[in-house]
Amino acid sequence: GEEENQVPPAKVKVEAHEKRVGKQVKKPKRLTLPQHLERKEEVLEPTVDTTEMVKIGEERTETLVYTPAELHVKVVVRPKYAPKTTSTGSTSEGACKIHIAPMPSRFIEKCVADESLLAAISVDKFVDHLPLYRIIGRFNRLDVPIPRSTMSGWIAQSAHRLAPLYNKLVELVLTSDYLQVDETRIEVQTNAPPIRKKGKRKKGKTHRGYYWGYLAIPQNLLFFEYDKLRAADNPAKNLKDFKGTLQTDCYDVYDQIRKAYPSLTHYHCLNHARREFEKALSNDKKLATHALEQFQILYAIERKAKENNWDAEHLKQIRQQKAKPVLEKLFDWMEQESPQTLPKSPIGKAMGYMLKRKQRMMHYLTDGKLVIDTNPIENAIRPIAVGRKNYLFAGSHDAAQRAAIFYSLFACCKMNEVEPLEW
């Protein structure tokens, strides 16, 4: 009804970090231990003689117990059988045939690592962002030394075995009618010769490559692909047959894609525009604050839609009724104020950023299935940024693409609330 469509007014106070004013601090609650965990009881009897007493109740206290990782060796035993000999000393028919159970299929043939161990190592590296030397250190503490080259080989072979699944994921994502695309850097070690500078010998520089992320919003699926460059070649290759809606930031490569493939619909992220005004707070607080207050109204509508689980058609109607007038007034206001600002000042750049892309900033109002910003793909990319802070670089271009396979599959697990190790 009318009550559910009400949108909270804009916040009066706007700061660079958008601190919520007047929010009450909740008192910490005691952790509730999951019911699915096994309960092992330990009964502590009083130190006095209770034979002449009656039990009237008990106190129960629960604590969470941790059991360290345990390794064991699985031995697959396959008995061999052959026919018995007859009374004449000859063997029965088929005596030459020896019977033995077939060896169970293995993820990596002739590998001493079980699938469970390969999965654990992959999750440690690509979900929990542990460099190989730290993973190896954990095994050393269990008195199970594993050479780095061996563990690297396991990861490489695992990626090779997972490649068909990754290729199918790429195919599914690219058949979506609504994609978000973004990219992030990754340093890659190369065999370039050392660099000499001022007579000093320095180690060879790493190459800066990029992971391109493609998120299918309707299917909630994502894949990453490594490329040596941050050029238009990668999205041009992947989007050549795409005919849906593409949402990106304002990197000019995507403008090239839009011009090259007019069959797709391209629109921009409103949050990137908001960030420009956030940067301008120190330059012109009055103008920047006014703009940020309008963004708060727009985002309040989106929060309300999420809280009430509005369907696409209802959200479109609310956006047309409430968000469109706010956005139109914001653009009118910028057209009036922009000539009074210095074009290269932070506030001038913020206004110019939006005015230049007016239609592509307003496109999300036309369809309730569309998202207001590219936060979903940015959130999916964030684990890569965390990972590179830990392991610093990929060992080669091939290794970077192998990592993209793991990052893609584990990102899909996270978005669909699937436990990665179990998967």
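Are Tyr166 and Phe223 buried or exposed? In this predicted model, Tyr166 is buried, and Phe223 is buried too. The close-up views below start from these two rings and move outwards.

**View 1. An edge-to-face pair joins Tyr166 and Phe223.** The ring centres sit 6.5 Å apart, and the two planes meet at 85°. Tyr166 belongs to helix H3 (residues 148–174) and Phe223 to strand E7 (residues 221–227), so this contact ties together parts that are 57 residues apart in sequence. Phe223 has a relative accessible area of 0%, and is therefore counted as buried. If you would like to place the pair in a wider setting, the count of aromatic pairs comes to 11.

**View 2. Phe223 also forms a stacked pair, with Tyr214.** Here the centres are 4.9 Å apart, with 10° between the planes. Tyr214 has a relative accessibility of 0%, so Tyr214 counts as buried. Set this view beside the previous one to see Phe223 edge-to-face with Tyr166 and stacked with Tyr214.

**View 3. Strands E6 and E7 run antiparallel.** Strand E6 (residues 207–216) is joined to E7 by 7 bridges. Across the pairing, Tyr210 stands opposite Asp227 of E7. E7 is mostly covered, with 6 of its 7 residues buried.

**View 4. Asn220 takes a positive phi in the hairpin of E6 and E7.** The hairpin has 4 residues between its strands, and Asn220 lies in that loop between E6 and E7. Its phi is near 60°, a positive value in a residue other than glycine. With 28% relative accessibility, Asn220 counts as partly exposed.

**View 5. His129 is another residue with a positive phi.** The phi of His129 is near 60°, and this residue is not a glycine. Look for His129 in the loop between helix H1 (115–126) and helix H2 (132–141). His129 has a relative accessible area of 11% and is buried, whereas Asn220 is partly exposed.

**View 6. Ring pairs link six named aromatic residues into a cluster.** The members are Phe126, Tyr211, Tyr226, Phe406, Tyr407 and Phe410. One of these rings also has a charged neighbour: Lys125 lies over the face of Phe126, at 5.5 Å from the ring centre. Lys125 lies over the face of Tyr391 as well, and there the distance to the ring centre is 4.5 Å.

**View 7. The largest pocket holds about 1,400 Å³ of space.** Which residues of the lining are the closest to the centre of the largest pocket? They are Lys306, Val371, Asn375, Pro376 and Asn379, out of 46 residues that line the pocket. By residue type, the lining divides into 26 nonpolar, 8 polar and 12 charged residues.

**View 8. Several helices contribute to the lining of the largest pocket.** Helix H6 (270–279), helix H7 (285–308), helix H8 (312–337), helix H11 (375–391) and helix H12 (397–415) each supply at least two residues. Which helix gives the most to this lining? H7 does, with 7 residues.

Definitions and conventions: Residues numbered from 1 in each chain as written. Predicted model: local features only at pLDDT ≥ 70, side-chain atom pairs only at ≥ 80, totals over all residues. Heavy atoms only, no water. Phe/Tyr/Trp six-rings, centres within 6.5 Å; stacked < 30°, edge-to-face > 60°. Buried < 20%, exposed > 50% of the residue type's maximum accessible area, 1.4 Å probe, protein only. Lys NZ or Arg CZ within 6 Å of the ring centre and 35° of its normal. 1 Å grid on protein atoms, 1.4 Å probe; cavity = no way out; pocket = protein on both sides within 12 Å on 5 of 7 lines; lining within 4 Å. Points joined across faces, edges and corners; volume = space filled by probe spheres on them. Nonpolar A, V, L, I, M, F, W, Y, C, P; charged D, E, K, R; others polar. Pairing = 2+ DSSP bridges.
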